[in-house]
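Open your viewer and get ready to select residues by number. This tour tells you what to pick next and what you will find there.

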Amino acid sequence: MRIKKSAKKPKKKLEYDGVTFRSNLEIFAYKALKEAKIKFEYEKTSYLLQEGFTFPNSTYQKVGKSGMKYAEKTSIRKITHTPDFKCANWVLETKGFLRQSNANIIKMFKYHILKNKLKLSYFMAHNQTQINECIKLIKNL
């Protein structure tokens, strides 16, 4: 007997101060930054980490649940990253749980900062205590 998986519930929108957030941790960071009177942008600046391209060689790979698929050529989408919070000289990411795909994007983003000689300090917080620590450090920049 097979048990059917229930359909995924749509993510509930989290709104505060007229802004839609992805998590309660982001809302906590938003409130804490405002309370500390630190100027910032929320998800306003995106960085191009890798251009999109067409892979001209034939490819055979698994696609979704439909099994293997053959293609003469494959279009690869660009990779961008939008930090959660940003100011002129720092970015703050809030990730309660860090998936491997997010970890790879963060590595690419740090390399982008290095390669382009951007003067950005990078902060990553996984909980409210770490957000408070990051805010103390940001105030001292």
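The stops below run from strands to rings, then to cysteines and lysines. Keep in mind that this is a predicted model.

**Stop 1: strand β11**

Select residues 90–94, which make up β11. Is this strand buried or exposed? Five of its five residues are buried, so β11 is largely enclosed by the rest of the structure. Now show the side chains. W90, L92 and T94 point one way, while V91 and E93 point the other way. Both sets are buried.

**Stop 2: the partners of β11**

Add residues 85–86, the strand β10. A hairpin of three residues joins β10 to β11. The two strands pair in the antiparallel sense, over two bridges. Click on K86 and look across: V91 of β11 stands opposite.

Next, add residues 121–125, which form β12. In which sense does β12 pair with β11? The pairing is parallel, and it runs over five bridges. One place to look is E93, whose bridge partner in β12 is M124. Now trace the chain between these two strands. The path leaves β11, passes through α2 and arrives at β12. This β-α-β crossover is right-handed.

**Stop 3: K95 and its contacts**

Move to K95, in the loop between β11 and α2. K95 counts as buried because its relative accessibility is 17%, and the cut-off for buried is under 20%. Which residues does K95 touch, beyond its neighbours within four places in sequence? Select L25, D84, N102, M124, A125 and H126: K95 is in contact with each of them. M124 is already familiar as the bridge partner of E93.

**Stop 4: the aromatic rings**

Now show the aromatic side chains. How many aromatic pairs does a search of the whole structure find? The search finds eight. Start with Y30 and F40. Their ring centres are 5.5 Å apart and their planes meet at 90 degrees, so this pair is edge-to-face. Y30 sits in helix α1 (residues 24–35), and F40 sits in the loop between α1 and β3, ten residues apart. Y30 is buried, with a relative accessible area of 7%.

Go on to Y42 and F85. Here the ring centres are 5.3 Å apart and the planes are at 50 degrees, so the pair is tilted. Y42 belongs to strand β3 and F85 to strand β10, 43 residues apart in the chain. Both residues are buried.

Then select Y16, F21, Y30, F40, Y42 and F85 together. Ring pairs link these six names into one cluster. Keep Y16 on screen and add K31. The charged end of K31 sits over the ring of Y16, 4.7 Å from the ring centre.

**Stop 5: the cysteines**

A disulfide is a covalent bond between the sulfur atoms of two cysteines. How many disulfides are counted in this model? The count is zero. Select C87 to see why. The closest cysteine sulfur to that of C87 is in C134, 14 Å away, which is too far for a bond. C87 is partly exposed, at 24% relative accessible area. C134 counts as buried, at 7% relative accessibility.

**Stop 6: K136**

Finish in helix α3, residues 128–139, where you will find K136. Is K136 buried or exposed? Its relative accessibility is 58%, so K136 counts as exposed. Now select A32 as well. K136 and A32 are 104 residues apart in sequence, and their C-alpha atoms are 11 Å apart in space.

Notes. Residues are numbered from 1 along each chain as its sequence is written. This is a predicted model: local features need pLDDT of at least 70, side-chain atom pairs count only at pLDDT 80 or more; totals for chains, interfaces and linings use all residues. Side-chain values use heavy atoms; hydrogens and water are left out. Helices (H or I, at least four residues) and strands (E, at least two) are DSSP runs, numbered from the N terminus. Buried means under 20% relative accessible area, exposed over 50%, partly exposed in between (1.4 Å probe, protein chains only). Contact means heavy atoms within 4.5 Å. Rings of Phe, Tyr and Trp (its six-membered ring) pair if their centres lie within 6.5 Å; planes under 30 degrees apart count as stacked, over 60 as edge-to-face and the rest as tilted. A charge sits over a ring if NZ of Lys or CZ of Arg is within 6 Å of the ring centre and within 35 degrees of the ring normal. A disulfide is a pair of cysteine sulfur atoms within 2.5 Å. Two strands pair if DSSP finds at least two bridges between them. A crossover is right-handed if, with the strands pointing away from the viewer, the path from the first strand over the helix to the second runs clockwise.
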